[in-house]
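Subject: Structure handover

Hello,

Here is the structure I promised to pass on. Please open it alongside this note, which goes through the findings by topic.

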Amino acid sequence: MALRTVFPLATFSGPMRQHHGARSFLAWLLVALLLSSSAWPAAAQSDESAATTDPAADAVATAWGFDNSTLAPDPTIRFGVLPNGMRYAIRQNDKPEETAVLELVFDIGSLNEMDDERGIAHFVEHMAFNGTTNVPEGEMVKILERFGLAFGADTNAYTSFDRTGYTLGLPNVSEELIDTALFLLRETASEITFAPGAVERERGVVLSEMRTRDSYTLRNFVEQTDFFLPDTRIAQRLPIGTEESIRTVSADQLKRFYLRHYRPENATLVIVGNIDVDMIERKVIQGFGNWEAQTALPQDQQADIIDFDRTGAAHDFVNPAISESATLVAYAPYRKKPDNLDNRRKALLRSMGYRIIARRIGRMVRAGNTPLLSARFDSGDVFKLTHETQLQVQTRDGELAEGVAVAEKLVRQALVHGFTDQEVAEQIAGYRNALENAVRSSSTRRNAGLANLIIDGLFAHRVVTTPASRLARFEAAEPNISSETILAAMREDIVPLSDPLIHITTKGDIAGGAESIRTAWLGSQEVAVLPIKEKTSGQFAYTDFGQQGAIIEDQYIDDLGIRTIRFANNVRLNIKPTDFEEDRVRISLRIDGGELLNSLDNPYATTLMRIYGDAGLEAHSVDDLLSILAGRSVSLRFSAGSDYFGSYVATTPQDLLIQLQILAAYVQAPGYRTEALERYRRSFDNYYARLAATPEAALGSYIGGIISDDDPRFSLAPQEALEKLDFAALKNAIGESLERASLEIGIVGDVDEQAVIEAVASTFGALPEREKAARDYGAQIQRRFTNERATRYIAHDGEQEQAILRYYWPTDDNSDYATEVRLLLLSEILQLRLTDRVREELGASYSPGASSFMSSIYDGYGYMTVGSNVDFADRETVKQAIAGIVESLITDPASEDELLRAKRPIEERLKQRATSNRSWMAIVDQAQTDPDALARYRSLPDMIASVSAEQLQQEAVKWLSLPPLVVEVVHRSEYAALNGDNDIAGAGGGQSALGAITADNAENE
């Protein structure tokens, strides 16, 4: 397994199949035998772990790889191994309270497949919840939904090159649910039945996933991998497989692979949550201790061959939607590095060096005087096959050779001359801050993050240690961190790119092809480079905003624990102290306005708010700020939302004041630096080139205009319109709002209320007087849903068989909360039926979906939507299925079981929201200006519980009886025949023939 996965498109994940069964899992538990196991004892918190003479501990150390490390594992995690070889790790954790995460991971992926088994590992993952010995097909999903686990959100599965994982996020830790979850994972381990009928039904789902994921980016990845590593399984074992293999694989083949590889010695079970570790360990031993492999050990796979002397080769991938880029790679033999103090220290130094180079690249790109759009340079292991060094360069079209030469010199400058003291100091400050924050917040880490830490450590052959020990190791290493030691660690790791393998991507053929890039690379190496000049960072200029603001209102919302304050200048502050995230503070800043300033006459007024934060401050560029603020937990994010200007950011109690100073500076002294605008304009060519490159991109590009009858505020903007935008116009449009419009701040987290009040009083409380209430935006809050009901077609340029069906029924805004809640549940029932019918029964789609949107901003605006990715040839079948599902909701109420499965996941999430800072921020952010949100927060659980099936049927009759707007996204070759002579969005040229404008986030999924 690689310490760094270099193939980001290699993992294919999707919702885990859940069905629920006939036989009681309790019967299964009663017949299981209690077997002995070995568990890792609590370790002393030293950097070096002492050798042990305990055979049980030795067995654990061997199973988990601790025997090859000198580092002590985290003693809060109970590591164990069963006599059958299955590893387990259990950790008590109470964040979020009363929840747990279970993940069963197998050391099995597509690299384990034989030549005639391509895609089988992923197909087996799909089959894991399509029928087991004790759970009939179609029942596991329903079981988990009845317990409150949402399909996809709380249940998931994935397959990659080297592993397959099954995850259950438990919304509560009742013994019944824990027993059920362990039972279902145990069924997955050895009891999948692979009934031929179930395999046939699932074949269509896998093919749908393959079809959905097929895009120019995936095809580029496949060609690139085949070029770089041609005689390896990596190039020949993409986890999704091939269409031929998926269409022809049999149930027997799937079962043979399953029996061969799903073995206890290949399995690891990780459980983290608000649980009793001893009790859980007993359950794991009881449930999994009787698991035995049913076949002989699998035979060795084919050998991977890498020609380390291969140089000078080049390859290109041409697609009109792709960015112009070059990837330059050199390989060396893989070297196993023991996980010890010395190698951790070297890894730290290398990471600092690569980060400094990344900072230099970012500084150059932000300055704008370069053909580079981005670049990345680093080294890492590719599984256990090879060690590579890679430089990735993306440039403006037509400037790839120049960009590669720039990147070559920039990297060589660092490797020859090293780094400045200031650059090293920035890295030290950043690492120290991150490690100290990790220590302070260690007691409130989340279940999922801890589980992933354990699993990633196992596959990376790294011992999971404590945040405190990581900080201690850093402090011990810090005196020896310098340009010289960083360079030494990098030079030891880097494979020279003297004559690398080169893969390029372009929109069209370029003069000289890929070899022209090699010429530019080799020629650049002949040009001398000078050391970079030291640069001082200076001091942050915005710490004094005037006289501290006086409080004129100070009240408590007792039942919600929210303190509300208004300063004399009308700035509002809402505070909610919590202990859910230690050493973490979340801040919202909302200034009235945002995209409501866009009008029919000036639909792009706020478009450049997308880059407002990147434009820096009057006294500091973004690069200056990154240096000045090194070692601080702050964000430079500041943009526009649908009805506000501002930001949602997270910081620490120590950096709360400076984060507020930064936000206040963006209000009072924005930089409007032209280099940010130039960089934004350089992105247009790539953006507009790929508007219709995939069905999803085409739908997102044009649906806003279709739904809103080409209202320019919600439609795709023509490129020439964006080219004309400048900061002078933005300043004219938003300046007065930033200066005077009503302003509300929400702060949630680990805070001292008095410290918060003083920090806000000295920043936003010191600003000039603000308006007390939100403005009346009149026509700007009017948005119509089209009266058009003819089928609308959008053309895409992806694969010919790819298509999307989308149905829209106009509804209403969210002013009636009862209606909003009922339509939410109605969409959940629709989702359940779509999954059962379109995915499970027909096998026609990987991800059918339904949702309800009711605007809180635009009068009378909302919609219910149902949609699915489909094979073009299956459109009519899926249409009939959707029509039948909708009709069934109109004519018959939902069943009691459907209503339960729709409600329970929502109800469980409502219980969890009280222990989530993110959830609290959703009402704290406008606790004074939107008191209705507080009332809705209080009433939602009772409203969900009170909704009846008859009420949902009434809503279906009211809204779904009306003819829907139907949108079909089809390949361009099919578009003309379907569309006739109509001029419909996506007809060509990358712009809507219906009109133009900025896309609305709510509709551009």
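**Aromatic pairs**

Tyr 861 and Tyr 863 are both buried. Keep in mind that this is a predicted model.

The aromatic pairs number 32 in total. One of them joins Phe 194 and Tyr 258. Their ring centres are 5.2 Å apart and their planes stand at 65°, so this pair is edge-to-face. What does the pair tie together? Phe 194 sits in the loop between α5 (175-190) and α6 (196-213), while Tyr 258 belongs to helix α10 (residues 251-261). The contact therefore ties together parts that are 64 residues apart in sequence.

Tyr 861 and Tyr 863 form another edge-to-face pair, with ring centres 6.2 Å apart and planes at 80°.

Are Phe 194 and Tyr 258 buried or exposed? Phe 194 has a relative accessibility of 3%, so it counts as buried. Tyr 258 is buried as well, with a relative accessible area of 2%.

Phe 194 and Tyr 258 also belong to a cluster linked by ring pairs. Its other members are Phe 106, Phe 129, Tyr 166, Tyr 262 and Trp 291.

**Salt bridges**

How many salt bridges are there? The count is 69. Three of them are worked through here.

Start with Glu 736 and Arg 740. Their closest N and O atoms are 2.6 Å apart. Both residues lie in helix α25 (residues 727-740). They are 4 residues apart, so about one helical turn separates them. Glu 736 is partly exposed, at 37% relative accessibility. Arg 740 is partly exposed too, with a relative accessible area of 36%.

Next, Lys 879 and Glu 968. This salt bridge has its closest N and O atoms 2.5 Å apart. Lys 879 is in helix α28 (residues 875-891), and Glu 968 is in strand β25 (residues 965-971). The pair therefore ties together parts that are 89 residues apart in sequence. Both Lys 879 and Glu 968 are buried.

There is also a network of salt bridges with shared partners. Glu 145, Arg 146, Asp 897 and Arg 901 are joined in it.

The third bridge is between Arg 219 and Asp 214, whose closest N and O atoms are 3.2 Å apart. Arg 219 is partly exposed, with a relative accessible area of 26%.

**Charged surface**

Which residues make up the negative surface patch? They are Glu 223, Asp 226, Asp 231, Asp 307, Asp 309, Asp 316 and Asp 509. Take Asp 231 as an example. Asp 231 is in the loop between α7 (216-228) and α8 (233-236). Its relative accessible area is 43%, so Asp 231 is partly exposed. Membership in a patch requires over 30% relative accessible area and no salt bridge.

**Backbone**

Most residues other than glycine have a negative phi, and most peptide bonds are trans. Please look at the following places with that in mind.

The peptide bond from Lys 95 to Pro 96 is cis, and its omega is near -5°. Pro 96 lies in the loop between β4 (87-92) and β5 (100-106).

Phe 194 comes up again here. Its phi is near 55°, a positive value in a residue other than glycine. As said above, Phe 194 is in the loop between α5 and α6. So one loop residue has a positive phi, is buried and belongs to the ring cluster.

Asp 710 also has a positive phi, near 65°, and is likewise not a glycine. Asp 710 is placed in the loop between α23 (695-707) and α24 (719-723). Is Asp 710 buried or exposed? At 18% relative accessibility, Asp 710 counts as buried, because the cut-off for buried is under 20%.

**A long-range contact**

One last item concerns helix α23, where Ala 698 is found. Ala 698 is buried, with a relative accessible area of 0%. How far apart are the C-alpha atoms of Ala 698 and Val 969? They are separated by 7.4 Å, although the two residues are 271 residues apart along the chain. Strand β25 spans residues 965-971 and holds Glu 968, the salt-bridge partner of Lys 879.

Best regards

Definitions and conventions: Residues are numbered from 1 along each chain as its sequence is written. This is a predicted model: local features need pLDDT of at least 70, side-chain atom pairs count only at pLDDT 80 or more; totals for chains, interfaces and linings use all residues. Side-chain values use heavy atoms; hydrogens and water are left out. Patches are made of residues with over 30% relative accessible area and no salt bridge: like charges are joined within 9 Å, nonpolar side chains (Val, Leu, Ile, Met, Phe, Trp, Tyr) within 5 Å. Accessible areas come from the Shrake-Rupley method with a 1.4 Å probe; for residues, only the protein chains shown count as cover. A salt bridge is a side-chain nitrogen of Lys or Arg within 4 Å of a carboxyl oxygen of Asp or Glu. Lys and Arg count as positive and Asp and Glu as negative; His and the chain ends are not counted. The place of a charge is taken as NZ of Lys, CZ of Arg, CG of Asp or CD of Glu. Helices (H or I, at least four residues) and strands (E, at least two) are DSSP runs, numbered from the N terminus. Buried means under 20% relative accessible area, exposed over 50%, partly exposed in between (1.4 Å probe, protein chains only). Rings of Phe, Tyr and Trp (its six-membered ring) pair if their centres lie within 6.5 Å; planes under 30 degrees apart count as stacked, over 60 as edge-to-face and the rest as tilted.
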